[in-house]
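Student: Could you take me closely through one part of this model, the way its helices pack, and set it in the context of the whole chain? I would like one connected answer.

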Amino acid sequence: MPTRRSSDSSAGDLLFETAVDQFEAAADLIELDDPLRRVLRAPKNEIIVSFPVEMDDGELRMFRGYRVQHNDILGPFKGGLRFSPEVELGEVKALSMWMTWKTSLANVPFGGAKGGLAIDPRSMSTAELERAVRRFTHALGSNIGPEYDIPAPDVGSNSQAMVWMMDTYQHTRGTIDRQNVKRVVTGKTIETGGSLGRDKATGQGMAFVLAHHYDQINQDLRGRTAAIQGFGNVGEHAARAMARMGVTMTHVADHTGATMHPNGIDPEALWRHTSEAGGVAGFAGGTDIDVEDFFAADVDILVPAAIENQITEDRAPNVRASVVLEGANGPTSTEGEHILIDRGIEILPDVLANAGGVVVSYFEWLQNKMSNRWQLSQVDDELRRYLWEAADAVEYEKKHLACSRREAAYAVALRRIATVYEQRGIWP
Ligand code: NAD
């Protein structure tokens with residue numbers, strides 16, 4: 001049963017309703033019992049903190065941060081932190097629920113969480129940002145921890161922010177514990193304990209999932225074309241990893257506009273341009289186009305890798321790609337998805353396609369725990385193995401349940417969680 005939508009719901013509330021609807025549909029498919037549905041429908045903890053930060057001009061400004069811990073039956077809560085002025089509770093709740101399914105599907109021993117800090121990092125100085133991140137970490141206190149809840153970067157945050165978080169958290173511990181808490185966050189810089197391959201992990205993982213799909217349908221991936229929305233951490237590394245597999249990015253879009261070149265756009269040249277110009281618009285190696293033309297691009301693969309709710313019922317009828325590879329979380333609306341499926345377009349859903357980030361976060365956490373370092377080739381090989389096993393499980397469930405690939409991915413994730421609840425029971 002879809003949840004009831006009220007007209008005064010915020011975008012975040014609607015996103016959470018979408019997440020719950022998707023969960024209920026999958027729960028129906030695997031006939032999940034009602035008590036467990038009630039446990040999984042709502043997050044375990046919703047933490048909101050408010051704290052003052054001194055700005056460079058001496059003014060004190062109040063900021064608000066969120067951490068939603070959805071479920072930890074499979075292991076410590078795990079999920080990114082989003083820095084954006086628009087971030088709100090409903091959005092973070094939805095993203096935390098999706099993390100629970102993602103970690104379970106990827107078969108890493110973590111639960112699901114997500115956080116947000118309502119700031120605009122682009123409008124703040126580095127010193128202001130550092131103070132805000134450190135105050136946020138301090139305000140979260142023991143609501144995070146290396147065996148309890150482990151944040152990571154997401155939209156608007158990065159490895160530097162994770163290093164500030166780790167450093168602040170370390171300084172709140174007793175001296176003999178300090179070296180043992182590095183893994184309180186993942187996505188750190190290499191020098192401070194990050195993993196090789198973590199920066200590109202989500203994009204690299206997307207390319208592995210795409211390669212698995214083309215292998216399943218017995219077609220060659222080499223020579224395909226792609227349109228990528230978002231050229232941040234996920235989009236840029238997806239473009240590079242797909243290029244290494246012989247896929248040409250002909251269209252790219254972000255918050256500044258969209259651009260295309262029929263012979264392909266070099267990810268390295270575009271990266272140099274966006275680093276200076278702040279976005280893809282005005283790239284000399286392409287022609288600027290309208291964003292609606294971007295979604296209707298004549299390409300093989302459409303990659304939404306920016307923000308949620310981009311392939312809507314208005315855009316889905318125009319999509320000409322035969323595969324949608326979801327890099328962002330929740331980029332396809334429920335109505336948009338129905339239209340794509342009716343039109344025979346294959347969707348490689350976010351919970352599977354962008355799970356590479358959390359898988360390599362797990363590798364980073366393991367390396368910190370064991371005080372060792374893996375080679376990049378080991379990270380990549382293990383990442384491929386985890387994602388292909390997940391993709392195999394999804395394809396099996398898809399056939400077995402005769403359902404969509406997203407429902408199949410949820411079914412795999414939910415079955416694992418249900419088994420653990422069944423064996424452990426609910427106590428007291
Ligand atoms: P990022 O901040 O590095 O990049 C975001 C990109 O989206 C930028 O190119 C930006 O210009 C673009 N964008 C922002 N608003 C837009 C708009 N209104 N229209 C078009 N483009 C817009 O973020 P990221 O880490 O690359 O994350 C992108 C998506 O991938 C998010 O949905 C995030 O939750 C998801 N994700 C990220 C990771 C990770 O490891 N970073 C892992 C899994 C999923």
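**Helix packing in context**

Tutor: Let's start with the whole chain: of the contacts between residues at least 6 apart in sequence, 66% join residues at least 24 apart, where contact means heavy atoms within 4.5 Å. This is a predicted model, in which local features need pLDDT of at least 70 and side-chain atom pairs count only at pLDDT 80 or more, while totals for chains, interfaces and linings use all residues. Residues are numbered from 1 along each chain as its sequence is written, and side-chain values use heavy atoms, leaving out hydrogens and water.

The protein chain has 14 helices and 12 strands; these are DSSP runs numbered from the N terminus, with helices being H or I of at least four residues and strands E of at least two. Its radius of gyration, 21 Å, is close to the 22 Å that the globule rule gives for 428 residues, so the chain is as compact as a globular protein of that length. That radius is taken over C-alpha atoms, and the rule is 2.2 Å times the number of residues to the power 0.38. Buried residues (under 20% relative accessible area, with a 1.4 Å probe and protein chains only) make up 57% of the 428.

Now to the close look. Helix α12 (residues 356–370) and helix α13 (residues 376–401) have axes that come within 10 Å and cross at roughly 125 degrees. Axes are lines fitted to C-alpha atoms, for helices over the stretch in contact, and angles run from 0 to 180 degrees between N-to-C directions. α12 and α13 are therefore oblique to each other: angles under 35 degrees count as roughly parallel, over 145 as roughly antiparallel, 65 to 115 as roughly perpendicular and the rest as oblique. Their crossing is right-handed, meaning that the near helix is turned clockwise from the far one by less than a right angle. On the α12 side the contact is made by G356, V359, V360, Y362 and F363, and on the α13 side by V379, E382, L383, Y386 and L387. These residues divide into eight nonpolar, one polar and one charged; Ala, Val, Leu, Ile, Met, Phe, Trp, Tyr, Cys and Pro count as nonpolar, Asp, Glu, Lys and Arg as charged, and the others, Gly among them, as polar.

For another pair, turn to helix α7 (residues 233–244) and helix α8 (residues 267–277), which pack at about 165 degrees with their axes 10 Å apart. That makes α7 roughly antiparallel to α8.

Note on methods: Buried means under 20% relative accessible area, exposed over 50%, partly exposed in between (1.4 Å probe, protein chains only).
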